[in-house]
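Visitor: I have a sequence and a model open on my bench screen, and I would love a short tour. Could you take my questions one by one?

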Amino acid sequence: MIPLQYFGMMIVLWPVVLYLVSWMSGWRDLGDVYEDRGEFRGERYYMRTASLNHAIEYSNCLSFSADDEGLRLRVLLPFRFGHPPLFFPWQEVSVASKRAWFSSRCVFSFERAVGVKLCVADALAEQLLLRGRGKYAATLE
């Protein structure tokens, strides 16, 4: 049985750790300019993995949504502290394919958050980008 003081310490430390992860990954920087106050619309992809700035990986805790207007991104509820929902208009998104030894990923860059990179698996990127009126379809070929 876990002593009560450890449970109390966990309740205090959990938001602190989440805030630090948000800051180290670049999510806070994205939230400063791309915070989404609208509804989560479009085709949805739950429990997905991505990394920010090639440093922090969000494993199976992200929800993506894409429609004609742009790309939306949220963290699952238990991990949401310090991670506001994000909305990226397609006209401010750049995409590049990155190949590594055993995998390839797509790297999303954002016009108003210079230096912050979002890396997702090719299959997910392809699905998301097709929702953006096929604007980036040629990028992935």
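Visitor: Where is the place of Leu 13?

Guide: Happy to start there, with the reminder that this model is predicted. Leu 13 belongs to a nonpolar patch on the surface, whose members include Tyr 6, Met 9 and Phe 81. As for its secondary structure, the place of Leu 13 is in helix H1.

Visitor: Does Leu 13 count as buried, partly exposed or exposed?

Guide: Buried needs under 20% relative accessible area and exposed needs over 50%. Leu 13 has 41% relative accessibility, so the label is partly exposed.

Visitor: Which label, stacked or tilted, fits the rings of Tyr 34 and Phe 88?

Guide: This is one of five aromatic pairs. The ring centres of Tyr 34 and Phe 88 are 5.0 Å apart, and their planes stand at 55 degrees, so the pair is tilted.

Visitor: How many residues apart are Tyr 34 and Phe 88?

Guide: Both residues are buried. Tyr 34 sits in helix H2 (residues 27-34) and Phe 88 in strand S4 (residues 86-89), so the pair links distant parts of the chain. Along the sequence they are 54 residues apart.

Visitor: And are the rings of Phe 88 and Phe 110 stacked or tilted?

Guide: Planes under 30 degrees apart count as stacked. The planes of Phe 88 and Phe 110 are at 15 degrees, with the ring centres 4.0 Å apart, so this pair is stacked.

Visitor: Which residues form one aromatic cluster with Phe 88?

Guide: Phe 88 is buried, with a relative accessible area of 1%, and Phe 110 is buried at 4%. Phe 110 lies in strand S6 (residues 104-110), 22 residues from Phe 88. The residues that form one aromatic cluster with Phe 88 are Tyr 34 and Phe 110.

Visitor: Within what arc do the buried residues of H2 fall, seen down the axis?

Guide: The buried residues of H2 are Trp 27, Leu 30, Gly 31 and Tyr 34. They line one face of the helix, because seen down the axis they fall within an arc of 100 degrees.

Visitor: What covers the buried residues of H3?

Guide: In helix H3 (residues 122-131), the buried residues are Asp 122, Leu 124, Ala 125, Leu 128 and Leu 129. They fall within an arc of 155 degrees, so they line one face of the helix. Their cover includes S1, S2, S3, strand S5 (93-99), S6 and strand S7 (117-121).

Visitor: Which residues of H3 are in contact with Tyr 45?

Guide: Tyr 45 is in strand S1 and is buried, with a relative accessible area of 6%. Leaving aside neighbours within four places in sequence, its contacts include Leu 62, Ser 63 and Phe 64. H3 spans residues 122-131, and the contacts of Tyr 45 in that range are Leu 124, Gln 127, Leu 128 and Arg 131.

Visitor: Which residues are linked with Asp 36 in a network of salt bridges?

Guide: The structure holds seven salt bridges. One of them joins Asp 36, in the loop between H2 and S1, to Arg 72 in strand S3, and both residues are buried. The network links Asp 36 with Asp 67, Glu 69 and Arg 72.

Visitor: How far apart are the closest N and O atoms of Arg 112 and Glu 92?

Guide: Arg 112 is in the loop between S6 and S7, and Glu 92 is in the loop between S4 and S5. Arg 112 is partly exposed at 44%, whereas Glu 92 is buried at 14%. In their salt bridge, the closest N and O atoms are apart by 2.7 Å.

Conventions:
Residues numbered from 1 in each chain as written. Predicted model: local features only at pLDDT ≥ 70, side-chain atom pairs only at ≥ 80, totals over all residues. Heavy atoms only, no water. Phe/Tyr/Trp six-rings, centres within 6.5 Å; stacked < 30°, edge-to-face > 60°. Helix = DSSP H or I, 4+ residues; strand = E, 2+ residues; numbered from the N terminus. Buried < 20%, exposed > 50% of the residue type's maximum accessible area, 1.4 Å probe, protein only. Arc of directions from axis to C-beta. Patch = residues over 30% accessible without salt bridge, like charges linked within 9 Å, V, L, I, M, F, W, Y side chains within 5 Å. Areas by Shrake-Rupley, 256 points an atom, 1.4 Å probe, with all protein chains shown as cover. Salt bridge = Lys/Arg side-chain N within 4 Å of Asp/Glu carboxyl O. Contact = heavy atoms within 4.5 Å.
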